[in-house]
There are 2 protein chains.
Amino acid sequence: MLSFSSSALGMRSSEIRRLLKIAADPSIISFAGGTPASSLLPADITDEIYNGLSDQTKRAAMQYGPTDGYPPLVAEIKKYMESKGINFDNQDLIVTAGGQQAINLVAKVFLDPGDVAVTESPSFIGALAAFKSYGADTVGVPMDNEGIIISQLLDTLDKTGKKAKILYLTPYFHNPAGITYSVNRKRQLMDALKGRDICVLEDDPYGELYFDSNDKKLTVPLKAAKDQPVQICYAGSFAKIFSPGMRLGWLIATSEIADKCQLAKQSIDACSSSFTQVLAAQFLSQNKLPAYLETLRAAYARRAGIMLDSLKKYMPEGVSWTTPKGGFYIWVTLPQNMDSTVVFNEAFANGAAFVIGSAFDPAGIKNDCLRLAFSSTPEDKIEQGIRIIAEAVRKTMRK
Amino acid sequence: MLSFSSSALGMRSSEIRRLLKIAADPSIISFAGGTPASSLLPADITDEIYNGLSDQTKRAAMQYGPTDGYPPLVAEIKKYMESKGINFDNQDLIVTAGGQQAINLVAKVFLDPGDVAVTESPSFIGALAAFKSYGADTVGVPMDNEGIIISQLLDTLDKTGKKAKILYLTPYFHNPAGITYSVNRKRQLMDALKGRDICVLEDDPYGELYFDSNDKKLTVPLKAAKDQPVQICYAGSFAKIFSPGMRLGWLIATSEIADKCQLAKQSIDACSSSFTQVLAAQFLSQNKLPAYLETLRAAYARRAGIMLDSLKKYMPEGVSWTTPKGGFYIWVTLPQNMDSTVVFNEAFANGAAFVIGSAFDPAGIKNDCLRLAFSSTPEDKIEQGIRIIAEAVRKTMRK
């Protein structure tokens with residue numbers, strides 16, 4: 001009998017995976033997947049870029065590349081990040097296979113079995129899975145509408161002590177909570193963390209997707225602060241601003257951390273796809289991003305608006321939800337003790353789907369919330385889907 | 001002070017990495033990189049494929065895909081593997097980010113710190129790094145011209161006992177040794193492993209690249225055997241038969257192992273690039289592989305021939321080398337106790353490079369051999385490069 005490693009023994013095909021699979025049924029109105037709408041993907045821009053490549057660049061695209069990334073792409077992302085105020089003194093940038101790999105690499109270089117990754121509660125499924133895959137415990141800290149609750153964060157850090165190695169945060173258009181940190185909360189957070197021996201992992205896949213340009217100021221990265229009282233690693237992604245199918249993201253960290261992450265990446269996949277890196281480098285260097293972002297912001301704002309109107313119209317009293325300023329998600333809190341899996345089963349039977357709350361609970365238990373993604377559902381299906389889910393909530397209330 | 005995880009503490013930017021970096025200097029005749037020649041990459045075929053894609057397929061290429069792979073590509077690789085005799089009863093196939101990730105996933109699901117990965121000696125750098133990255137020890141077993149030496153393998157397995165979880169083998173056109181297992185040795189190996197609790201990881205990136213079609217019969221995978229007396233995982237790769245820049249490979253394993261590997265992959269990078277998977281699926285479904293392989297086989301056979309002739313012409317007595325039947329590599333054994341790093345420095349100063357032997361030693365010590373890759377060096381540079389290296393050997397002999 002072959003015996004699996006201890007980390008493999010801890011891996012389980014989860015209930016959530018099953019639910020996501022069934023939610024992919026094309027006859028269902030699904031608010032489950034945190035994916036861009038396929039109709040919004042810039043296929044025409046990509047055509048133009050590909051067909052403009054020289055034979056020499058095409059051959060570079062088909063060849064191996066350096067582990068830390070295709071040099072022209074590294075240069076372009078750095079320029080882009082500098083435009084957001086990030087300074088590269090003593091900092092390096094690694095191109096990763098999506099934002100997921102950036103999170104995974106930081107997890108690998110910091111976490112031993114029994115260590116703790118402190119996260120917001122709720123938090124991103126992929127990050128929770130990455131932390132757990134290295135044998136770490138995930139401990140969640142609640143949020144309010146302005147971000148993580150500082151007093152509770154400090155309690156948690158005091159309790160977990162030296163075991164707490166990573167503080168994982170998604171400050172902008174949070175997945176799944178749909179909230180955005182206030183400028184004030186970010187300041188309080190940085191003050192509270194002063195001198196702590198913890199690595200803040202700032203995950204920023206949605207920061208560009210504000211609905212109102214007045215909110216742009218909310219999306220200034222922690223990593224852009226002049227004085228950083230604590231170590232900050234920054235994870236970026238092309239998934240929501242270009243294409244998830246390219247599997248490209250990036251990590252910014254001190255040279256010491258970045259070097260360890262690069263060695264880890266070398267043994268994981270040697271390098272990211274040169275082919276998709278060439279396309280992404282051109283996407284940035286040809287300045288295709290700004291206009292494309294305008295299209296996305298308008299489209300997602302419209303979808304969010306329809307979903308919010310529909311929630312107001314159909315949801316029974318006792319149900320509450322967040323009002324996102326950008327991104328992909330609305331987080332719905334059901335009346336006390338209602339189990340979102342019961343609501344899911346009822347809604348699914350009637351043709352609509354979402355992701356249950358426990359998927360995002362760092363402890364994997366709390367299930368009285370649910371996540372609605374408005375990003376990929378056709379505009380004319382959103383109201384109908386919300387009506388089905390509201391009906392499922394009502395029915396569950398009567399049980 | 002932030003503290004790294006124990007696996008990160010073990011990571012070191014190696015001497016080999018430094019040597020590979022300097023060997024990439026374009027003014028150097030380099031036999032260092034195990035890469036296809038850029039001039040041989042099928043850029044024209046890829047153009048034709050890309051421009052023939054429907055808008056719908058292009059959008060699928062830009063979107064997320066299932067963790068185990070883009071379904072049309074999974075189906076195409078299965079068909080291709082079935083044509084090599086592999087049977088998928090109770091076996092699953094996962095598309096991976098290159099062959100490197102297939103190795104890494106198997107390492108992750110089997111190895112705990114202190115476990116042992118038994119490998120051939122010499123062995124592939126990337127595999128050694130992957131095994132070590134999970135805290136395992138790598139223990140090498142010598143080979144002769146027909147493959148791993150069975151008596152020594154059994155000694156090693158007896159000594160390492162239950163700690164030995166993986167037996168990693170590259171039976172076809174070995175990297176770096178350039179040898180190929182005889183049919184007889186494969187039979188003896190399977191007999192010797194009967195009933196052992198070890199997972200054989202068969203790595204097959206070069207099997208298609210035989211120089212003489214009579215040698216095709218040597219490349220029948222262990223995984224294609226009717227009766228498999230031991231668990232076999234099979235790793236394949238598109239890097240040497242299509243394009244390394246696509247970062248695509250695959251893993252075939254029992255459904256139980258494949259499921260664990262899929263969960264591990266989910267937390268590492270969520271899925272492989274849909275974009276490059278769409279291209280690879282078309283490369284197979286449009287039957288572009290057979291003709292392209294004919295081109296590659298002829299080109300690499302020519303390069304190997306030039307290199308062998310040059311070795312014979314220039315190397316001093318006391319130097320020996322393997323005669324490859326395919327693949328990318330020739331393994332050179334220097335006269336006793338000669339240090340290949342000394343030869344490297346001398347050769348590099350005169351304009352030629354290779355990879356020193358200790359890079360491939362599972363113990364990281366033995367350094368009296370060196371690897372020559374003939375795959376990416378222009379034909380008209382090979383003789384000159386070998387002359388420089390032979391001169392460096394002579395000079396080192398005289399020291």
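**Entry 1: Thr377(A)**

I began with the contacts of Thr377(A) and, leaving aside its neighbours within four places in sequence, I found Ile29(A), Ser30(A), Phe31(A), Ile382(A) and Gly385(A) in contact with this residue. I note that the model is a predicted one. Looking up where Thr377(A) sits, I placed it in the loop of chain A between strand S14 (369–373) and helix H14 (379–398). I then asked whether Thr377(A) is buried or exposed. I counted 23 other C-beta atoms within 10 Å of Thr377(A), and because a residue with 20 or more such atoms is taken as buried, I entered Thr377(A) as buried. I also looked up its distance to Ile198(A), which is 179 residues away along the chain, and the C-alpha atoms of the two are separated by 39 Å.

**Entry 2: the domains of chain A**

I next turned to the domain assignment, which divides chain A into domain 1 (13–42 + 291–398) and domain 2 (60–285). Taking the centres of these two domains of chain A over C-alpha atoms, I noted a separation of 25 Å. For the contact between them I recorded 29 residues from domain 1 of chain A and 29 residues from domain 2 of chain A. On the side of domain 1 that touches domain 2, the elements of chain A giving two or more residues are helix H12 (289–314), strand S11 (329–333) and S14. Of these, H12(A) gives the most, with six residues. I sorted the residues on this side of domain 1 of chain A by class and obtained 19 nonpolar, six polar and four charged.

**Entry 3: chain A against chain B**

I then looked at the contact between the chains, to which chain A gives 59 residues and chain B gives 59 residues. On the side of chain A that touches chain B, I listed the elements that give two or more residues: helices H1 (6–9), H3 (43–51), H4 (55–62), H6 (98–110), H7 (125–133), H10 (255–269) and H11 (274–285) of chain A. The largest share of this side, eight residues, comes from H10(A). By class, I noted 25 nonpolar, 24 polar and ten charged residues on the side of chain A that touches chain B.

**Entry 4: how the two copies are related**

Last, I looked up the superposition, and a rotation of 180° with 0.0 Å of shift along its axis brings chain A onto chain B with an RMSD of 0.0 Å. I therefore entered the two copies as related as by a two-fold rotation axis. The same surface serves both copies, since 100% of the contact residues of chain A recur in chain B.

Technical notes: Residues numbered from 1 in each chain as written. Chains lettered and ligands numbered in written order. Predicted model: local features only at pLDDT ≥ 70, side-chain atom pairs only at ≥ 80, totals over all residues. Contact = placed C-beta atoms within 7 Å. Helix = DSSP H or I, 4+ residues; strand = E, 2+ residues; numbered from the N terminus. Nonpolar A, V, L, I, M, F, W, Y, C, P; charged D, E, K, R; others polar. Buried ≥ 20, exposed ≤ 12 C-beta atoms within 10 Å, placed from the backbone. Least-squares fit on C-alpha atoms with pLDDT ≥ 70 in both. Domains from an automatic or database assignment.
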